[in-house]
Amino acid sequence: MKDFTLCTDIETVIELLNISAKELADSIGVTPTTISRWRKDEEQASTTNLNAFYNFAFRKGIRLNKIKEQLFKEDCGSGAVILFHGAKTYIDGRISIEKSKSTNDFGRGFYCGESLEQSAMFVANYPESSLYILEFDRTDLSYTQLKVDRDWMLLIAYFRNKLSDYARHPIILDLLSKLRGIDYIIAPIADNRMFEIIDSFIDGEITDVQCQHCLSATNLGNQYVFVNDKALSQLKILRHCYLASDEKEYYLSYKREESRVGNDKVKVARRQYRGQGEYIEDILK
């Protein structure tokens, strides 16, 4: 599904680099006629040619996706917010909750991030991944916002099927009751490193205080979780962005460095807060 705005992106690159269509064609290995057809939106580019063009722009220092992000944020209306969704391939048809897994952070829902970089990082390992920029109108919708604390940790563990023995515990039931009837959730993003830390808490290896500070050390920003069609009806796709191989490697390199620093912070937090807080068996006894 090649619905990327290639024709507009070509005009941007030609203008910013002050080059001719022929110079662009020579740089990415196509003919000037092909460039002309792309500019007029008369011909779809192959995946190979898309990657060649967007890699060329990225290597020249043109961050097309960041430019789009900034422009959309400038035009964003009052009461709305710009969000991002990383897709392993692309969104096929309308945005739907039914296609999501029940074992996601907060169960079934459509998940978006506040950060372009973080959303792209989550899918940069997939060969056909892409990125969506969306606008969300928050008017007349109900929501709950969570932070990195015990409640968030327990909810993530519950939806990830780590607390099946405590599914009917009053604390868990109370937390779940706070999610009923809302249209969307704003909560910290969790990744595989965070799941490992939460598992250590659920397995009784660390306390809730240790877990909280370890998780704070690996903070990835917030995500929006749309849990019903009412919320989805106020979510609009603004742009489908191509992620070139060089851009993906840039995000993966950043992720590796962020992970290294985060792991060091986690080790320090585990030691610094050792003995503080409660273990899971004390909380859910």
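D282 sits in helix α13, which covers residues 280–283. The model is predicted. D282 has 37% relative accessibility, so it counts as partly exposed, since that class lies between the 20% limit for buried and the 50% limit for exposed. In sequence, D282 and G204 are 78 residues apart. In space, their C-alpha atoms are 9.7 Å apart.

Next, helix α12. It runs over residues 245–272. How does its span agree with its 28 residues? At 1.5 Å a residue, α12 should span 40 Å, and its end C-alpha atoms are 40 Å apart, so the two agree. Buried residues in α12 are E247, K248, Y251, L252, G262, V266 and A269. An α-helix has 3.6 residues a turn, so residues three or four places apart point the same way. The cover over the buried residues of α12 includes α4 (47–59), α5 (64–75), α6, α9, α10 (208–217) and β7 (235–242).

Helix α12 also serves the lining of the largest pocket: it supplies five residues, the largest share. That pocket has a volume of about 1,400 Å³. Its lining holds 45 residues, and the closest to the pocket centre are H85, G86, K88, Y111 and V123. Elements that each supply at least two lining residues are β1 (80–87), β2 (110–113), α6 (116–121), α9 (192–202) and α12.

The lining divides by residue class as follows.

| Class of lining residue | Number in the largest pocket |
|---|---|
| Nonpolar | 17 residues |
| Polar | 15 residues |
| Charged | 13 residues |

Two elements, α6 and α9, appear both in the pocket lining and in the cover of α12.

Methods. Residues are numbered from 1 along each chain as its sequence is written. This is a predicted model: local features need pLDDT of at least 70, side-chain atom pairs count only at pLDDT 80 or more; totals for chains, interfaces and linings use all residues. Side-chain values use heavy atoms; hydrogens and water are left out. On a 1 Å grid over the protein atoms alone, a cavity is a set of points where a 1.4 Å probe fits but cannot get out, and a pocket is an open set with protein on both sides within 12 Å along at least five of seven lines; lining residues have an atom within 4 Å of a point. Grid points are joined across faces, edges and corners, and a volume is the space filled by probe spheres set on the points. Helices (H or I, at least four residues) and strands (E, at least two) are DSSP runs, numbered from the N terminus. Ala, Val, Leu, Ile, Met, Phe, Trp, Tyr, Cys and Pro count as nonpolar, Asp, Glu, Lys and Arg as charged, and the others, Gly among them, as polar. Buried means under 20% relative accessible area, exposed over 50%, partly exposed in between (1.4 Å probe, protein chains only). The expected span of a helix is 1.5 Å times one less than its number of residues. Contact means heavy atoms within 4.5 Å.
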